[in-house]
Amino acid sequence: MITAAAQGNGFLSPTGVEIAFVLVGLATFGAAAVTVTTKQLVHAALWLVVALGGIAVEYLLLTAEFIAWVQVLIYLGSVVVLLLFGLMLTKAPIGRSPDADSGNRLVALGVALVAAAALVWVVVDAFRTTWIDLDGPVQGSTKVSGEILFRHWVLPFEALSVLLLAALIGAIVLSRKDTPDSATHAAPATDEQGQR
C-alpha cells in the first residue's frame, strides 16, 4: 500500500512544489495572524501586503499565473494602497494604538475558527479527487481563466469592481472631511463677508 501511494499522487511523496506551497502557506498564515493581532495600524497594513503577496505566490505555484497577477494588481496595487491612503489621511497614530482592541478577542477567535473549519471542509469536499497536473497544459493561463471568469464568475467579478469603487469613494470622503478646527476658522470669514 505504501509503495502504491508513493508511486502515485499522495502525501508520502511530496514534490518540491508541494513543499514550497506548504512553506509559503505557513508564512502567509503567520503574516495574516500578525495583521489581525498587532496594535500598530500601519504595521497591520504592511503585514497585509505580505499576506496578500503570499497568496499571489501560492497562485503561481498552482500554475495560475494570470490569477496571481490579478491578485497583485487588484489587492496589492489597489486595495492596500487605498487602505494606506485612508490611514494617512485620517492621521492614524504611528505608534501603538491601545484603543485598537475592542476586547472581543475570544468571540473573534471563535468566529475565525468556525469560518476556517467551514472553509476547509467545503474546499476538501469539493476538490477531494481533483489533482493539478503540473506537467500538463497550463490551467491558469489567461485564455482559460478568462473563459471561466466571464462565463461562470461574472457576478463575483462585478461585485469586486463595486468593492473597489466603494473603497475609492470612502478614501475620497475621508480626505474631504472637514475638521472642527477648519470649520471654526472658516466661519468668521463667512460672517465678515456677509457683513460687507
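Analyst: Contact here means that heavy atoms lie within 4.5 Å. With that in mind, among contacts in the protein chain of this predicted model between residues at least 6 apart in sequence, 69% join residues at least 24 apart.

User: What makes up the secondary structure of the protein chain, and what pattern does it follow along the sequence?

Analyst: The secondary structure comes to eight helices and zero strands, and reading along the sequence gives the pattern α-α-α-α-α-α-α-α.

User: How are α3 and α4 placed relative to each other, and why is their arrangement given the name it has?

Analyst: The two helices pack at an angle of about 175°, and their axes are 8 Å apart. Angles over 145 degrees count as roughly antiparallel, and therefore α3 is called roughly antiparallel to α4.

User: Which residues of α3 and α4 meet?

Analyst: On the α3 side they include L52, I55, A56 and Y59, and on the α4 side they include Q71, V72, Y75 and L76.

User: Why is Q71 called buried?

Analyst: Q71, which lies in helix α4, has a relative accessibility of 7%. Buried means under 20%, so at 7% Q71 falls on the buried side of that limit. Leaving aside neighbours within four places in sequence, Q71 is in contact with L52, I55, A56, Y59 and L76.

User: How much of the protein chain counts as buried?

Analyst: Of its 196 residues, 15% count as buried, while the accessible surface of the chain comes to about 14,700 Å², of which 71% belongs to carbon and sulfur atoms.

User: How do you know whether F66 is buried, partly exposed or exposed?

Analyst: F66, also placed in helix α4, has a relative accessible area of 26%. Buried requires a value under 20% and exposed a value over 50%, so F66, at 26%, is partly exposed. Its C-alpha atom is separated by 9.5 Å from that of V144, although the two residues are 78 apart along the chain.

User: Why is V17 called partly exposed, and how far is V17 from E58?

Analyst: The relative accessible area of V17, in helix α2 (residues 16–37), is 32%. Because partly exposed covers the range between the 20% and 50% limits, V17 at 32% is given that name. V17 and E58 are 41 residues apart in sequence, and their C-alpha atoms are 9.9 Å apart in space.

User: What makes L62 suitable as a member of a nonpolar surface patch?

Analyst: L62, in the loop between α3 (41–61) and α4 (65–89), is partly exposed with a relative accessible area of 33%. Patches are made of residues with over 30% relative accessible area, and Leu counts among the nonpolar side chains, so the 33% of L62 passes that cut-off. Together with I19, F21, V22, L23 and L26, L62 forms a nonpolar patch with about 530 Å² of accessible area.

Terms used
Residues are numbered from 1 along each chain as its sequence is written. This is a predicted model: local features need pLDDT of at least 70, side-chain atom pairs count only at pLDDT 80 or more; totals for chains, interfaces and linings use all residues. Side-chain values use heavy atoms; hydrogens and water are left out. Patches are made of residues with over 30% relative accessible area and no salt bridge: like charges are joined within 9 Å, nonpolar side chains (Val, Leu, Ile, Met, Phe, Trp, Tyr) within 5 Å. Accessible areas come from the Shrake-Rupley method with a 1.4 Å probe; for residues, only the protein chains shown count as cover. A salt bridge is a side-chain nitrogen of Lys or Arg within 4 Å of a carboxyl oxygen of Asp or Glu. Helices (H or I, at least four residues) and strands (E, at least two) are DSSP runs, numbered from the N terminus. Buried means under 20% relative accessible area, exposed over 50%, partly exposed in between (1.4 Å probe, protein chains only). Axes are lines fitted to C-alpha atoms, for helices over the stretch in contact, and angles run from 0 to 180 degrees between N-to-C directions. Angles under 35 degrees count as roughly parallel, over 145 as roughly antiparallel, 65 to 115 as roughly perpendicular and the rest as oblique.
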